[in-house]
Amino acid sequence: MLRAKSHLAIGGAGGNYDHSYDRADVKAQWAASECLRPCFMLEGNMRASFRRMFINLDRVLLKLASAVLLFCAWSGDIHAGEFKKTNCWFEVPRDRGMTCGTLNVPENRKKASGTEITLSVVVFEPDRERHEPIVFLTGGPGQPTDIGDREDIEAWWQFISDQNWMIGRRVVVVDQRGIGKSIPRLSCSRYFKADHWNSISLSVDAEISFDKLMRDEVVACRSALIAKGIDLFAYNTTENAADVNDVRKALGIKKWVLYGVSYGTRVALEVMNEHPEGVSASILDSVLPLDIDHLKEDGRNLDRSLRLLERDCQKSKNCMRGLGDAVRAIVKQLDKQPVLLRSADKENAPAQYRYVSGADFLEIIFGSLYDRYAIENMPTLIERTYKNDFRPLADMVFEEDDIEISQGMDFSVTRSETNRSELPEKRLEYWTKWIGEVDYTWVCPLWFPRERRFRKSIPATWIPRPCCCRESMIRQHRLTGHIVRPKAFLLRRSSCFAGLGTT
């Protein structure tokens, strides 16, 4: 449900009707009146004939007071905990100011169970604070913020130094619930075998049902997380946004700037809708809007990205013409007859084999769109594959993947916000098989096997806060509603520039 000060307008919002009352104060007053009213009514209706009840009245009032506090906590008004400063778990670079710590938050704010989880927080302190703080919201879902060791921290300091608009600000980096240093971590790496998920075998004659293996591993991971008492339904964008707001309050920050990347933009939009009182401005890099079911959009987004690649490729004399037609031809041929690839010879390493279908080929292309350098080499990959030279494709297939993702968090968020009954689309496209097989829509009924209500799409609305969108050069989701996507502009105290995003 949208709040009175929900936002989705990007700049130029002057002159629009705005409910300027303080939503937080109104909600607090409402909660207080709702909580105390039963007590007042009970006291106001006391009669002398009920004096025999006075002995037990203190017990009754005590129970009512407990119920009142429980109701208020359940409704979301008593959630901000205490930020506990700790020694940093990494070596702090010399002459750098840093604050490390943790914050306990409710696992599921819709339940009165009292179960809490722990968020890990790192604050990069400026030499002199001159502007409002920034909170960085990472992508994924399930991608850690890389705050584990000194090498990670030095990379963060370099990133901050390279962004003029970040200098003079406290930069707050939080590992979202379920990922990185936060506890619990919804990782499935103990149960997922990389060779199974990459369909790699050590024998050309091996008959392996990778589909069954992957399904069994998903069920095993889910069962293990539930056995630890983890409420998988609580790991979603709504709770993530509430966590972000609790971190702000725990750090004593009145207002800050949201900086979201990829899935982090979805979290930022949710924060702006549900907790606008703490947001002064937002920077959204590679936007994933709240009203988009991205699994339904992936096929069209991939097709649009390939069209953009082909358009830009035509400017080069060395680039193959008709890249889009070549991709469709490759997919059609490989779906009809998958190609068997063999890894390059390595010392003391056995040869590896993998069959690659058309859907697998699209998954490789799709994943490459996250990497700037892979995008630059993509026309060559497509052209050589089209000409039956599969060595570049084999090099990519057998390349080790060092990306760390909390798969359980990814599955919980994605499945809670995806209506599988609408997947895949009835209209047959060259990417339809990829959506149904490789894009993990099959995980939905395994991760959440019982019926549940899926999150409804939230329509785009005006944002009464400055907000800057960065467009991805290749992959981009269509934004709906009143959205301005400038090339570059200054935004009060922050700057935003068009560039390569991740979604």
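**View A. Glu91 is exposed, because its relative accessibility of 52% is over the 50% cut-off.** The model shown here and in the other views is predicted. The side chain of Glu91 forms a salt bridge with that of Arg150, with an N to O distance of 2.7 Å. This pair joins distant parts of the chain, as Glu91 belongs to the loop between S1 and S2 and Arg150 to helix H3, 59 residues apart. Arg150 has a relative accessible area of 28%, so this residue counts as partly exposed.

**View B. Glu125 and Arg170 form a salt bridge, with their closest N and O atoms 3.0 Å apart.** Distant parts of the chain are linked by the pair: Glu125 is in strand S3 (residues 116–125), and Arg170, 45 residues apart from it, is in the loop between H3 and S5. Both Glu125 and Arg170 are buried.

**View C. Lys315 and Asp312 meet through their side chains in a salt bridge of 3.9 Å, N to O.** Lys315 has a relative accessible area of 69% and is therefore exposed. Asp312, at 29%, is partly exposed. In the whole structure, a search finds 23 salt bridges.

**View D. A network of salt bridges links Arg109, Arg177, Glu239, Asp243, Asp246 and Lys249.** Asp243 is located in helix H6, which covers residues 237–250. Its relative accessibility is 2%, so Asp243 counts as buried. Apart from neighbours within four places in sequence, the contacts of Asp243 are Val105, Arg109, Leu119 and Arg177. Two of these contacts, Arg109 and Arg177, are also members of the salt-bridge network.

**View E. Glu217 lies in helix H5 (residues 210–227).** Glu217 is buried, because its relative accessible area of 8% is under the 20% cut-off. With neighbours within four places in sequence set aside, Glu217 is in contact with Tyr191, Phe192, Lys193, His196 and Trp197. For one of these residues, Lys193, the C-alpha atom is 8.2 Å from that of Glu217, and the two residues are 24 positions apart along the chain.

**View F. Asp371, Glu376, Glu399, Glu400 and Asp401 form a negative surface patch.** Glu399 is placed in the loop that runs between helix H12 (391–397) and helix H13 (407–416). The relative accessibility of Glu399 is 56%, so this member of the patch counts as exposed.

**View G. The peptide bond from Gly140 to Pro141 is cis.** Its omega is near 0 degrees. Pro141 is in the loop between strand S4 (134–137) and helix H3 (150–162). The loop between S4 and H3 also contains Asp146, a residue with a positive phi of about 60 degrees although it is not a glycine. Asp146 is partly exposed, because its relative accessible area is 41%.

**View H. A cis peptide bond connects Ile183 to Pro184.** Omega is near 0 degrees for this bond. Pro184 is situated in the loop between strand S5 (171–175) and helix H4 (194–197).

**View I. Asp95, a residue other than glycine, has a positive phi near 60 degrees.** Asp95 is part of the loop between strand S1 (84–86) and strand S2 (97–106). With a relative accessible area of 69%, Asp95 is exposed.

**View J. The whole chain has 15 helices and 12 strands.** Of its 503 residues, 48% are buried. Among contacts in the chain with a separation of 6 or more, 75% are between residues 24 or more positions apart. The exposed area of the chain is about 26300 Å², of which carbon and sulfur atoms supply 51%.

Terms used. Residues numbered from 1 in each chain as written. Predicted model: local features only at pLDDT ≥ 70, side-chain atom pairs only at ≥ 80, totals over all residues. Heavy atoms only, no water. Patch = residues over 30% accessible without salt bridge, like charges linked within 9 Å, V, L, I, M, F, W, Y side chains within 5 Å. Areas by Shrake-Rupley, 256 points an atom, 1.4 Å probe, with all protein chains shown as cover. Salt bridge = Lys/Arg side-chain N within 4 Å of Asp/Glu carboxyl O. Lys, Arg positive; Asp, Glu negative; His and termini not counted. Charge placed at Lys NZ, Arg CZ, Asp CG, Glu CD. Helix = DSSP H or I, 4+ residues; strand = E, 2+ residues; numbered from the N terminus. Buried < 20%, exposed > 50% of the residue type's maximum accessible area, 1.4 Å probe, protein only. Contact = heavy atoms within 4.5 Å.
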